[in-house]
Amino acid sequence: MIDFASAGGDPAGRTLRLLELLAARPSWPASELAERLAVSTRTVRRDVARLQGLGYAVESRPGPGGHYALRPGVRMPPLTFQDDEVVALVVALRMVEGVLSGDAAHRALTKLSQVLPRRLSAVLDRAAAGSENADGARGEVDPTTLAVLLRAAGEDLVLRFAYRDRHGTVTRRRVETVRCLYARGHWYALAHDLDAGDWRVFRIDRMHEPALGGRGSGERQPAEDLATWLATDFGRHPDT
């Protein structure tokens with residue numbers, strides 16, 4: 001983990017900052033990199049050459065003033081964080097404390113504190129100590145179940161599971177085009193029910209024995225604006 005705020009203006013710290021910038025976008029104009037680093041474009045060229053000498057595939061692209069791009073897949077840049085990103089991580093982990101069963105969020109915070117540089121670790125510890133999830137443990141969901149659903153969503157896989165409705169009735173379901181949503185204190189799975197031939201919303205804490213199947217169709221999309229679509233009863237009441 002690299003802490004650029006404590007690296008100062010030395011060439012090594014500046015080169016690491018350049019690497020972070022190159023990893024953040026597909027391409028950078030040399031003039032913009034120079035402005036971000038508060039150096040000349042000639043210094044940018046020297047720092048790029050230093051990265052190339054370390055084995056990073058930084059490519060120069062033609063254009064007004066020159067452009068630079070980091071070609072992926074050769075070497076992984078070091079994992080870097082800035083203060084606001086550390087705070088964002090703490091906030092995100094605090095948000096999931098009340099919706100994931102177990103202590104995964106707490107363990108993740110502890111591990112981050114141990115591997116961050118000392119100054120950033122202090123930023124994280126202060127943010128963690130000064131924040132709390134006041135919602136309690138509403139709508140907890142098993143992280144393992146959620147991981148299976150997220151894989152189905154990310155890889156467009158058919159999902160099979162047992163579902164217990166609010167009346168306690170258990171049915172077997174077969175769905176695809178899964179999207180995991182968190183709203184009103186619960187995790188939900190929005191999916192196309194293959195047997196019903198229609199879209200359904202399932203409470204994830206009522207889903208059991210999720211299993212992945214073959215590849216889904218990858219063609220269905222209920223609406224461009226999911227929030228509005230859900231708020232209008234699947235688009236049935238557009239004036240709601």
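In this predicted model, valine 39 counts as partly exposed, because its relative accessibility is 23% and the buried class ends under 20%. A convenient place to start is therefore the loop that holds valine 39, which runs between helix H2 (30-37) and H3. Once neighbours within four places in sequence are set aside, the contacts of valine 39 are with Arg14, Ala34 and Val44. One of these partners, arginine 14, is 25 residues away along the chain, and its C-alpha atom is 9.6 Å from that of valine 39.

Two of the contacts of valine 39, Arg14 and Val44, also appear in the packing of H1 against H3. Helix H1 spans residues 11-24 and helix H3 spans residues 41-53; their axes are 10 Å apart and meet at an angle of about 85°. The two helices are therefore roughly perpendicular to each other, since angles of 65 to 115 degrees fall in that class. On the H1 side, the contact is made by Pro11, Arg14, Thr15, Leu18, Leu19 and Leu22, while H3 contributes Thr43, Val44, Asp47, Val48, Arg50 and Leu51. Sorted by class, the residues in this contact are 7 nonpolar, 2 polar and 3 charged.

It helps to set this region against the chain as a whole. The chain has 240 residues, of which 38% are buried, and its secondary structure comprises 8 helices and 8 strands. Among contacts with a separation of 6 or more, 54% join residues 24 or more positions apart. The exposed surface of the chain comes to about 13900 Å², and carbon and sulfur atoms supply 52% of that area.

Attention now turns to the aromatic side chains. The structure contains 3 aromatic pairs. In one of them, phenylalanine 161 and tyrosine 163 are arranged edge-to-face, with 6.3 Å from centre to centre and 80° between the planes. A further edge-to-face pair links tyrosine 163 with phenylalanine 202, at 5.0 Å centre to centre and with 75° between the planes. Tyrosine 163 belongs to strand S4 (residues 157-164) and phenylalanine 202 to strand S7 (residues 198-203), so this pair ties together parts that are 39 residues apart in sequence. Phe161, Tyr163 and Phe202 together make up one aromatic cluster. Phenylalanine 161 is buried; tyrosine 163 is buried as well, with a relative accessible area of 8%. Phenylalanine 202 also counts as buried, at 2% relative accessibility.

Two further residues, serine 113 and glutamine 221, round out the picture. Serine 113 sits in helix H5 (residues 104-115) and counts as buried because its relative accessibility is 18%, under the 20% limit. Beyond its neighbours within four places in sequence, serine 113 touches Ser121, Leu124 and Asp125. Glutamine 221, by comparison, is partly exposed, with a relative accessible area of 47%. Its position is in the loop between strand S8 (207-215) and helix H8 (226-231). With neighbours within four places in sequence left aside, glutamine 221 is in contact with Arg179, Trp199 and Leu226. The C-alpha atom of glutamine 221 is also 9.2 Å from that of histidine 192, a residue 29 positions away along the chain.

Terms used: Residues are numbered from 1 along each chain as its sequence is written. This is a predicted model: local features need pLDDT of at least 70, side-chain atom pairs count only at pLDDT 80 or more; totals for chains, interfaces and linings use all residues. Side-chain values use heavy atoms; hydrogens and water are left out. Axes are lines fitted to C-alpha atoms, for helices over the stretch in contact, and angles run from 0 to 180 degrees between N-to-C directions. Helices (H or I, at least four residues) and strands (E, at least two) are DSSP runs, numbered from the N terminus. Angles under 35 degrees count as roughly parallel, over 145 as roughly antiparallel, 65 to 115 as roughly perpendicular and the rest as oblique. Contact means heavy atoms within 4.5 Å. Ala, Val, Leu, Ile, Met, Phe, Trp, Tyr, Cys and Pro count as nonpolar, Asp, Glu, Lys and Arg as charged, and the others, Gly among them, as polar. Buried means under 20% relative accessible area, exposed over 50%, partly exposed in between (1.4 Å probe, protein chains only). Accessible areas come from the Shrake-Rupley method with a 1.4 Å probe; for residues, only the protein chains shown count as cover. Rings of Phe, Tyr and Trp (its six-membered ring) pair if their centres lie within 6.5 Å; planes under 30 degrees apart count as stacked, over 60 as edge-to-face and the rest as tilted.
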